[in-house]
Amino acid sequence: MEQVDVLIIGAGPAGAVSSAWLNKNKYKVLVLEKQKFPRFVIGESLLPHCMDHLAEVGFIDNVKKHGFQIKTGASFYRGDHKTDFLFADQFTNGWSWTWQVKRADFDNILINSAIEQGVPVKFECEVKTVESNDTEQVTTYTDNSGKTHTVKSRFIIDASGYGRVLPRMFNLDAPVSTPPRGAVFCHIQDTKRKPEESGNIFIHSFNENSAWIWVIPFSDQTTSIGVVSDSSLVQDFYADNGAKFLQHIRNFPELKGRFTSEKTVFEPRTILNYAVGVKQLFGPGYVLCGNSTEFLDPVFSSGVTLATGSGIRAAKLTHKTLSGEKVDWMNDYENILRRGIDVFRTFVLGWYNGDMQTIIYSKTMDPELKRQICSVLAGYVWDENNPVVKKHKTLVPTLAKVIKINQSDPVQ
Ligand SMILES: Cc1cc2nc3c(=O)[nH]c(=O)nc-3n(C[C@H](O)[C@H](O)[C@H](O)COP(=O)(O)OP(=O)(O)OC[C@H]3O[C@@H](n4cnc5c(N)ncnc54)[C@H](O)[C@@H]3O)c2cc1C
C-alpha cells in the first residue's frame, strides 16, 4: 500500500499549485488525475491575481515560454457603447497583465512544471472511495487497466473541479440560489482580427441583462467564443450542432462580420447548469479547493484565479496542520475564501439584475471608482483597502441607483 503525506485529487490549476507548494516544503505528495493530459477544459481568460500564485510556485517562466496571448484588460460592449478596463490602471498594486490560454496547453504546462519540481502525478487514475478521519485517509483508485490501488495519506486536498469527488462522497453539495444557466461555445478561426482586438477579452451584452457573448482571442489566430444565458436559450442555440449559436455570432452586429466566413476549430459544445455550491470547505483530514468548492458564473473570469488562490492557501494550512500547529480552518480558510467569492457573487448577481451593467456602461464613471472596479476584475478581491471590495454588498446597488436617478447620465 502506498503511503504519502498529502494526496491531491485532480491535476488542474488548483491541484498543480497546491502539490508544487507542498513538494517545495518537503512533503511527500501524490497527485491522482482521472484523465490523460493534455485534456480540454473551459475557462480560458485568466485574471492578473493568478500570476501571483503561479509566481509563488515557480511556474511563470514555463508558461511564458509557450507564448500565450497576453491579456491586458477586459472590454464590455452594450450595443455601440464600449467600456474598457485596463489592468495597468487599477487600484490595487498588483499584476497589470495575464494570459488568454487554451486550457489543454496551459494546464499541461502547470502540471508538468510541478512534475519537473519533483511532484509525482499518476494520470488516468480515478479516485473511487475515500475513508477520512483526523489522522489517516484511505483512498482507493483505479488505473487505466481497471486495477484498484489503495493509498494512505495524512491529509487530502480535493482539487477535482467539476468531478467534485469529496462533495459528492461526503454529501456536501449545497443548492445554488441563481437560476439555471449554461453556455454554448466553440473555438473558431479569427483571421480578420485587428491588432487591437487581441490583448483583451470582449464581453457583449444582449437580451437586456440576461445573455452575453465572450470573445477570448488566442495567440494562434483562433478565438474562443461562447454565449452564456438561461439554460433554455442555450439549449435552443445548441440544437442542430449549434446552428443558432453560429448564426448568432456570425450575424451579431457589434462583431462586425468578423466571424461570418470563419471555420470552427471544433463543433460547438455546451455546459448546462454550471453553478455549484458546497456546505463546507473542509473537514477532518481534508480540504476542498478550486471548483470542488463553489462556482457561480464565468462572466468575470474568476474560476482559475479562485482555484490557484485556494490551492495555495489550502497547501499552506495543510502544512501547518501536519506540523502540529493548531489551525483554525473556519477563520483562516473557509471565511477568507468565502469573502473573496462573495465579492464576485455581488458582481455576478449585479450583472444579471442589471446593477453592474448600469455601473459598467455608465458614461460618467468616476476614474477612481473605475480603478477600484478594475482591481476586482483583476481578481484582487481580498484587498480590503479597496472600497469596492470592502463595501461591495451595499456599494453596487447604491451606485446603480444613483446612476439611474442621475438624469444627466445620457445612458439612462
Ligand atoms: C462556461 C464556463 C466558462 C468559464 N470561463 C472561465 C474563464 O474565462 N476564466 C476562468 O478563470 N474560469 C472560467 N471558468 C471556470 C473554470 O473552468 C474553473 O473554475 C477551473 O477550471 C477550475 O480549476 P480546478 O483546478 O478547480 O478544476 P479543473 O480544471 O476542473 O481540474 C480538475 C481535475 O480533476 C480531475 N478529476 C475529476 N474527478 C477526478 C477523480 N475522481 N479522480 C481523479 N481526478 C479527478 C479532472 O479530470 C480534472 O482534470 C468557466 C466555467 C464555465 C462553466
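Helices (H or I, at least four residues) and strands (E, at least two) are taken as DSSP runs and numbered from the N terminus. The model is predicted: local features require pLDDT of at least 70 and side-chain atom pairs count only at pLDDT 80 or more, while totals for chains, interfaces and linings use all residues. Residue numbers start from 1 along each chain, following the sequence as written.

The shell around the ligand comprises 37 residues, of which Gly 12, Gly 161, Gly 163, Gly 290 and Gly 303 come nearest; a residue is near a molecule or strand if its C-beta atom, placed from the backbone, lies within 6 Å of it. Two or more residues of this shell are supplied by each of α1 (13–24), β8 (126–132) and α7 (303–322). The largest share, 4 residues, is that of α7. In terms of class, the shell consists of 19 nonpolar, 14 polar and 4 charged residues. For this division, Ala, Val, Leu, Ile, Met, Phe, Trp, Tyr, Cys and Pro are nonpolar, Asp, Glu, Lys and Arg are charged, and the others, Gly among them, are polar.

In overall architecture, the protein contains 12 helices and 19 strands. Its radius of gyration is 21 Å, close to the 22 Å given by the globule rule for 412 residues, so the protein is as compact as a globular protein of that length. The radius is taken over C-alpha atoms, and the rule is 2.2 Å times the number of residues to the power 0.38. Along the principal axes, the C-alpha atoms fill a box of roughly 70 × 45 × 40 Å.

Two domains are distinguished, domain 1 (2–70 + 97–175 + 275–339) and domain 2 (181–272), with bounds from an automatic or database domain assignment. Their centres, taken over C-alpha atoms, are separated by 30 Å. Domain 1 contributes 13 residues to the contact and domain 2 contributes 14 residues, contact being defined by C-beta atoms, placed from the backbone, that lie within 7 Å. On the side of domain 1 that touches domain 2, 6 residues are nonpolar, 4 polar and 3 charged.

An open sheet of 7 strands with mixed pairing follows the order β5-β4-β13-β14-β15-β12-β16; strands are paired if DSSP finds at least two bridges between them. At the edges stand β5 (81–86) and β16 (269–272), each with a single partner strand, so one side of each lacks a neighbour in the sheet. From one strand to the next, the twist averages 15 degrees. Axes are lines fitted to C-alpha atoms, for helices over the stretch in contact, and angles between N-to-C directions run from 0 to 180 degrees.

Within this sheet, β4 (residues 73–78) pairs with β5 in the antiparallel sense over 6 bridges, and Tyr 77 has Lys 82 of β5 as its bridge partner. The two strands β4 and β5 form a hairpin with 2 residues between them, and Gly 79 in the turn adopts a positive phi of about 55 degrees. Strands β14 (residues 211–217) and β15 (residues 222–230) are likewise antiparallel and joined by 6 bridges; here Pro 217 is partnered by Thr 223 in β15.

A further hairpin is formed by β8 and β9, with 4 residues between them. These strands run antiparallel and are joined by 6 bridges, β9 spanning residues 137–142. Ser 132 stands opposite Gln 137 in β9.

Most residues other than glycine have a negative phi, and most peptide bonds are trans. Glu 124, which is not a glycine, nevertheless has a positive phi of about 55 degrees, and lies in the loop between β7 (121–122) and β8. Phe 37 and Pro 38 are joined by a cis peptide bond with omega of about -5 degrees. Pro 38 belongs to the loop between β2 (29–32) and α2 (49–56).

Notes: Contact = placed C-beta atoms within 7 Å.
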